[in-house]
Amino acid sequence: MRKNYIYAYVTLAVVLALVVYYTMDTTEQAPVENEEQLTVKDVYWSYDGESGPNEWVNVDAAYEACGRGELQSPINIEISNVVEEKVGEDIQLKYEEELFSIENNGHTIEANSTSTDNSMIINNKEYKLTGIHFHSPSEHQLNGQYFDMEAHLFHESEKGELAVIGLFIESGEENEVLAEIWDKMPVDGKKAVQVLNNPINLQQLLPEDKSVYQYVGSLTTPPCTEGVNWFVLEDPITMSNEQINQFSSIFLQNNRPIQNINNRDVFKIDLN
Ligand SMILES: [Zn+2]
């Protein structure tokens with residue numbers, strides 16, 4: 001009887017030891033993240049594979065709009081479906097010379113505003129320019145066609161509302177307005193933020209004809225927040241093949257796929 005007890009205890013001890021041994025093998029486990037310290041900016045996402053656009057919705061709870069939103073960007077703008085004229089819209093660009101600071105944030109090259117002098121006035125409300133960044137190829141389409149690249153000029157109101165100008169870029173003459181940004185373009189995020197030596201006036205970047213397609217969409221990157229007021233310029237600007245290739249040697253493809261338009265209206269208006 002006593003022998004049976006000892007046998008049972010030994011067997012139990014061996015089983016427990018094995019269980020402990022296998023559950024303690026944590027060498028291959030990732031370090032445990034503190035969820036509360038994780039900010040939206042830190043959550044990893046990319047343009048392909050397991051963390052690519054179709055998976056953004058699953059990467060973080062804060063990215064829900066990326067999969068379930070119905071006012072998402074970018075879209076294909078079919079010119080024949082555009083509503084010509086939007087009565088009562090008054091949009092003015094107040095751009096002057098500014099020194100931008102250049103950084104590679106791992107998703108794009110960003111030229112950030114260093115002042116609050118530049119702004120866009122939409123129906124008397126001011127949206128300050130926060131910066132400009134680039135996508136290759138373009139994110140929006142015109143009649144189903146992509147352009148080589150697209151620039152996004154971000155503006156934010158005091159209440160945090162966003163207005164973005166989308167600017168198509170096609171291969172052609174060298175772009176001199178962006179030349180210094182391209183000279184200083186950091187190949188990766190390890191390089192410190194650099195401030196330009198020469199100011200840029202974004203008025204000189206924009207095409208002469210400022211007809212834009214306006215619609216309500218979203219950020220094209222996580223968290224895909226909706227309510228963004230989009231103004232996509234009809235006329236593209238140019239960059240040399242060399243400039244386009246320099247960008248795509250760093251970001252071969254950093255555009256989100258076209259999203260469903262879901263009965264949204266696209267209006268044609270003019271920027272002043
Ligand atoms: Zn963008």
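Asn123 sits in the loop between strand E6 (119–122) and strand E7 (125–135). In this predicted model, the backbone at Asn123 does something a little out of the ordinary for a residue that is not a glycine: phi is positive, at about 45 degrees. Asn123 has a relative accessibility of 36%, so it counts as partly exposed, given that this class runs from 20% to 50%.

A second asparagine turns up with a positive phi. Asn263, again not a glycine, has a phi of about 65 degrees. Asn263 belongs to the loop between helix H5 (241–250) and strand E15 (267–270). Its relative accessible area is 79%, so Asn263 counts as exposed, the cut-off being over 50%. Side by side, then, the loop between E6 and E7 holds Asn123, whereas the loop between H5 and E15 holds Asn263; Asn123 is partly exposed and Asn263 is exposed.

Next come the cis peptide bonds. One of them runs from Ser73 to Pro74, with omega near 0 degrees. Pro74 is part of the loop between H3 and strand E1 (76–77). Another cis bond leads from Pro222 to Pro223, a proline followed by a proline, and here omega is near 10 degrees. Pro223 falls in the loop between E12 and E13.

That brings the disulfide into view. The count comes to one, and the bond joins Cys66 to Cys224 with an S to S distance of 2.1 Å. The two cysteines tie together distant parts of the chain, 158 residues apart: Cys66 is in helix H3 (residues 65–68), while Cys224 is in the loop between strand E12 (211–218) and strand E13 (226–233). As for the hand of the bond, the torsion about S-S is about 95 degrees, so the disulfide of Cys66 and Cys224 is right-handed.

Both ends of this bridge are shielded by the accessibility criterion, where buried means under 20%. Cys66 has a relative accessibility of 9% and therefore counts as buried. Cys224 comes in at 0%, so Cys224 is buried too.

Put together, the features around the bridge share some addresses. The loop between E12 and E13 carries the disulfide-bonded Cys224 and also Pro223, whose peptide bond from Pro222 is cis. On the other side of the bridge, H3 contains Cys66, and the loop between H3 and E1 contains Pro74, which is joined to Ser73 by a cis peptide bond.

Key: Residues are numbered from 1 along each chain as its sequence is written. This is a predicted model: local features need pLDDT of at least 70, side-chain atom pairs count only at pLDDT 80 or more; totals for chains, interfaces and linings use all residues. Side-chain values use heavy atoms; hydrogens and water are left out. A disulfide is a pair of cysteine sulfur atoms within 2.5 Å. Helices (H or I, at least four residues) and strands (E, at least two) are DSSP runs, numbered from the N terminus. Buried means under 20% relative accessible area, exposed over 50%, partly exposed in between (1.4 Å probe, protein chains only).
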